[in-house]
Amino acid sequence: MSEKIAVIGFSWILSWGFAAVQQLSITYDHIAHNQSNVQIVTTGPSSDIENVSSESKKDQTYSKTEVHTNDCKDKMYWEKVSLEISENRKKAYITFPKPPREQGIKSVSLNVYPMNSTYYRNFGFMFHGISEQQLSLNRKVQEVDLQIFKHNQSQDFVWSVDLIGKDSDFNNCFSDSISTLTLETFNNFVNIKPAYKPNVFNPADELYVRIADFKEEQDFFKHLAYNQQLKKQNELLPPPSEVGLALLEQNVNDLDGPYVDYSISGRHRLHGEVVVGLFGDVHYSDLETMSNMIKTLHIVAPHLNIKYSDNAESVNLPIHFVPCTEYFSDKAYKCKNKYLGTYHFPRKNFYSKEKNVLGDYGWVWIDSQRSADLRSHVLVHEFAHALGLLHNKCYDSSVSYNSYAPEIAHFSVLDLMQLRVLYDPNLDVVVNSKQIIRDLNLDEEKYKKHKENNSTKSLCHMEQGGWDNLIDFQLGLFDYELIEGGSSA
């Protein structure tokens, strides 16, 4: 499996203590020598950028007495770099003692990242505040558009502005903070919003109804009827199985690692009104994959009320597409050569006596540098974790930790068998395996045989029949037609 050098991981961050797993804690590096030399200027030096008068050229002449070498590592050169913010607080101007190329610099970038280290439920939104912008090597004074994405709740954030220079071998010759930005000193922030494209999601799967005329209203009710048709297909699915339950109680912590017992007792399930949103560097194919999963869940989890929204404030299961660059990995999340994506459990307890409670269902991060096919696979993999599935070593599974397994972008038969147990309409709560066996009328002896076998690999070959239509449905090879009167095709 070519891309599995970076192991797909998911972080089990539990607040209720059902498993003794270390909680993820991302701590941003604090800037030890922050110069904080932001200046508000009434007129930006933009006139010096394109049209430099002969007299101003004299002013820009570099004095050899100030810096003795053209070495990229010369500290005196970097100490004289300054950053200024325009009066309207929307643009930044960076001034070098002389053009970086003349100093032997092969690459220079102005990077920004949020310094706050406090963990909270929307931590993933901080990832979008990290930006990297390459600067010109040939200009002494440069105007920089430092547009920064932020979430509405990030009112108290402080952003560090880092300058990074690289030498001829593209190794860092300078890396330090040259300023900090806050909402008081800077005003070019853009609120991050979920991606949206028309005609991707079934309109009945969108949280907010978009109806402009009578025809669209008629079409909407047809889409709503189609969803009800999908939910009725649950009655025609293969029944919950002992194999599905046994698979739910096994996990693999490392790629090709051994199976470990993982009790289903207290296993989380999505419940209530789940609202998904895809943020960041989202492609059209990512939206299609998400839409496909929502439609599939109407069939295998008919009581789950799941929607997509392009309103950030409505989303309670955000999925963040942010590239795992060297800078991102260093400052925010140690993902380089480790992860393609991660699912993070919410800190808040999933369980509530009240039904249909708007919950916080955790969040997902996906490396957006990957190919479309791999991104789709990772999206399904991480969303399967959000649904409650664990890793296995089966060849044909979206959550496989088998290095030879294909990178499938749909729920396989083995995945569906587990979801069939976990989201059966007759399963009101998940207490333990005994309770599930009783509520779903499973054979306890068959279940014990599978559990005691210890050859969990054999479970991978015990696929139920009767799932072909749902597999083809996910692959776009089959559809459930809407027939007047509610009968199914």
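**Exercise 1. The core around Phe383**

Which residues does Phe383 touch, not counting residues up to four places away in sequence?

*Solution.* The model is predicted.

Step 1. List the partners of Phe383: Leu270, Val276, Met290, Met293, Leu297, Ile306, Leu317 and Ile319.

Step 2. Place Phe383 in its core. The largest nonpolar core has 74 residues, and Phe383 is among those with the most contacts inside it, together with Val276, Met290 and Ile319.

Step 3. Find the element that gives the largest share of this core. Helix H8 (residues 372-387) does so, with 8 residues.

Step 4. Look for another core. A second, separate core has 44 residues, including Phe123, Leu146, Phe157 and Tyr327.

**Exercise 2. Two helices in contact**

Determine how helices H4 and H6 are oriented to each other, and which residues make their contact.

*Solution.* Step 1. Take the geometry: H4 (residues 214-232) and H6 (residues 284-300) pack at about 50°, and their axes are 6 Å apart.

Step 2. Classify the angle. Angles under 35 degrees are roughly parallel, over 145 roughly antiparallel, and 65 to 115 roughly perpendicular, with the rest oblique. H4 and H6 are therefore oblique to each other.

Step 3. Name the residues. H4 contributes Asn227, Leu230 and Lys231, while H6 contributes Lys295, His298 and Ile299.

Step 4. Sort the residues of this contact by type: 2 are nonpolar, 2 polar and 2 charged.

**Exercise 3. A mixed sheet and the helix across it**

Describe the sheet that contains E13, and state how H6 lies on its strands.

*Solution.* Step 1. Write the strand order. The sheet is open, with 5 strands in the order E14-E13-E15-E17-E16 and mixed pairing.

Step 2. Identify the edges. Strand E14 (305-308) and strand E16 (341-344) each pair on one side only.

Step 3. Give the turn between neighbours, which is 15° on average, direction ignored.

Step 4. Examine one pair. E16 and strand E17 (residues 363-367) run antiparallel and are joined by 4 bridges. In this pair, His344 stands opposite Trp363 of E17.

Step 5. Add the helix. H6 lies across strand E13 (273-280), E14 and strand E15 (317-322), and runs at about 160° to E14.

**Exercise 4. An antiparallel sheet**

Describe the open sheet of 4 strands and one of its pairs.

*Solution.* Step 1. The strand order is E5-E4-E8-E9, and the pairing is antiparallel.

Step 2. The edge strands are E5 (131-134) and E9 (172-181), each paired on one side only.

Step 3. From one strand to the next, the twist averages 20°.

Step 4. Strand E4 (residues 107-114) is joined to E5 by 4 bridges. Ser109 has Gln134 of E5 as its bridge partner.

**Exercise 5. Two positive phi values**

Where do Phe170 and Asn337 lie, and are they buried or exposed?

*Solution.* Step 1. Recall the general rule: most residues other than glycine have a negative phi.

Step 2. Check the two residues. Phe170 has a positive phi near 60°, and Asn337 has a positive phi of about 60°. Neither residue is a glycine.

Step 3. Locate them. Phe170 is in the loop between strand E8 (159-166) and E9. Asn337 is in the loop between helix H7 (326-331) and E16.

Step 4. Apply the cut-off: exposed means over 50% relative accessible area. Phe170 has 51%, so Phe170 is exposed. Asn337 has 59%, so Asn337 is exposed.

Conventions
Residues are numbered from 1 along each chain as its sequence is written. This is a predicted model: local features need pLDDT of at least 70, side-chain atom pairs count only at pLDDT 80 or more; totals for chains, interfaces and linings use all residues. Side-chain values use heavy atoms; hydrogens and water are left out. Axes are lines fitted to C-alpha atoms, for helices over the stretch in contact, and angles run from 0 to 180 degrees between N-to-C directions. Contact means heavy atoms within 4.5 Å. Ala, Val, Leu, Ile, Met, Phe, Trp, Tyr, Cys and Pro count as nonpolar, Asp, Glu, Lys and Arg as charged, and the others, Gly among them, as polar. Two strands pair if DSSP finds at least two bridges between them. A nonpolar core is a set of buried Ala, Val, Leu, Ile, Met, Phe, Trp, Tyr and Cys residues joined through side-chain atoms within 4.5 Å. Buried means under 20% relative accessible area, exposed over 50%, partly exposed in between (1.4 Å probe, protein chains only).
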